[in-house]
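Let's take a walk through this fold, one helix and one charged pair at a time. Have your viewer ready.

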Amino acid sequence: MINDTIADLLTRIRNANLAKHKIVQVYATKMTRNIVKVLQDEGFIYKFEEIDENTNQYLLISLKYKGKNNKPVITALKRISKPGLRVYANHKELPKVLGGIGIAIISTSKGVMSDHNARHYGLGGEILCYIW
C-alpha cells in the first residue's frame, strides 16, 4: 500500500526521465489521473492510457523528449504539499514557477489544474507540485 501516491507518481516519472525510458507505469487513482491529464494538457507528456490488470489499475505514461540527444521535456518535479505539511494559497498568492516557464499543479474546488488556469478562474487551493 502506497501512502503518498502523488510523491510516488513524481518519483517514477523522475526516474524514468533519468533512465531515458519512453513509457512509465504508475498506479491509477483519481488524483494521479488528474495530475497526468494536466501534464498532457500542458505538453509535458505525449499521452497516457489506463490499463486494468486483475484487480489493479495502472496508467501507462508516454514521456516526451526533444532534440537529437533526447533531452527530457520535464527537467524537474518537486512535491510541495505533503501529507505531513499541507500548503495552500489563494488565487492572489499562487506561485509562478521559474517566472512562468514551469507550472504549479493546484488542487482546487473545481478540480486539479495548472496555476495559470486557477488564476484565470480566480481559484486557490492546495499546491501539489511544481514541474519545469
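Which residues of H2 are buried? They are Thr-32, Ile-35, Val-36, Val-38 and Leu-39, where buried means under 20% relative accessible area, exposed means over 50%, and partly exposed is whatever falls in between (1.4 Å probe, protein chains only). Look down the axis of H2 and these buried residues fall within an arc of 155°, so they line one face of the helix; the arc is that of the directions from the helix axis to the C-beta atoms. An α-helix has 3.6 residues a turn, so residues three or four places apart point the same way. On the other side of H2, Lys-30 and Asp-41 are exposed.

A few ground rules before going on. What you have here is a predicted model, so local features need pLDDT of at least 70 and side-chain atom pairs count only at pLDDT 80 or more, while totals for chains, interfaces and linings use all residues. Residues are numbered from 1 along each chain as its sequence is written, and side-chain values use heavy atoms, with hydrogens and water left out.

Now step back to the whole chain. The protein has three helices and ten strands, with helices (H or I, at least four residues) and strands (E, at least two) being DSSP runs numbered from the N terminus. Read from the N terminus, the elements go α-β-α-β-β-β-β-β-β-β-β-α-β. The radius of gyration is 15 Å, close to the 14 Å that the globule rule gives for 132 residues, so the protein is as compact as a globular protein of that length. That radius is taken over C-alpha atoms, and the globule rule is 2.2 Å times the number of residues to the power 0.38. Along its principal axes, the C-alpha trace spans about 40 × 40 × 25 Å.

Buried residues make up 41% of the 132 residues. As for contacts (heavy atoms within 4.5 Å), take those with a separation of 6 or more: residues 24 or more positions apart account for 61% of them. The protein exposes about 7,800 Å², and carbon and sulfur atoms supply 50% of that; the areas come from the Shrake-Rupley method with a 1.4 Å probe, and for residues only the protein chains shown count as cover.

Back to the helices, with a quick geometry check. At 1.5 Å a residue, the 14 residues of H1 should span 20 Å, and its end C-alpha atoms are 20 Å apart, which agrees. The expected span here is 1.5 Å times one less than the number of residues. H2 has twelve residues and should span 16 Å; its end C-alpha atoms are 17 Å apart, which agrees too. Buried residues in H1 include Ile-6, Leu-9, Leu-10 and Ile-13, whereas Arg-14, also in H1, is partly exposed at 30%. Both helices are followed by a positive phi: Lys-20 comes after H1 with a phi near 60°, and Gly-43 sits just after H2 with about 85°.

How many salt bridges does the structure hold? There are six, counting a side-chain nitrogen of Lys or Arg within 4 Å of a carboxyl oxygen of Asp or Glu. Side chains of opposite charge can pair when their charged atoms come close.

One of them joins Arg-33 and Glu-50, at 3.0 Å from N to O. This pair links distant parts of the chain, with Arg-33 in helix H2 and Glu-50 in strand S2, 17 residues apart. Arg-33 is partly exposed at 22%, and Glu-50 is partly exposed at 42%.

Another brings Glu-126 and Arg-86 together, with the closest N and O atoms 3.1 Å apart. Glu-126 lies in strand S10 and Arg-86 in the loop between strands S6 and S7, so the pair ties together parts that are 40 residues apart in sequence. Glu-126 is buried at 12%, while Arg-86 is partly exposed at 42%.

Within helix H3, Arg-119 and Asp-115 meet at 3.4 Å, N to O. Being four residues apart in H3, they are separated by about one helical turn. Is Asp-115 buried or exposed? Asp-115 is buried, at 4% relative accessibility, while Arg-119 is partly exposed at 26%. Not counting residues up to four places away in sequence, Asp-115 touches Leu-94, Pro-95, Lys-96, Val-97, Ile-103, Ala-104 and Ile-106.
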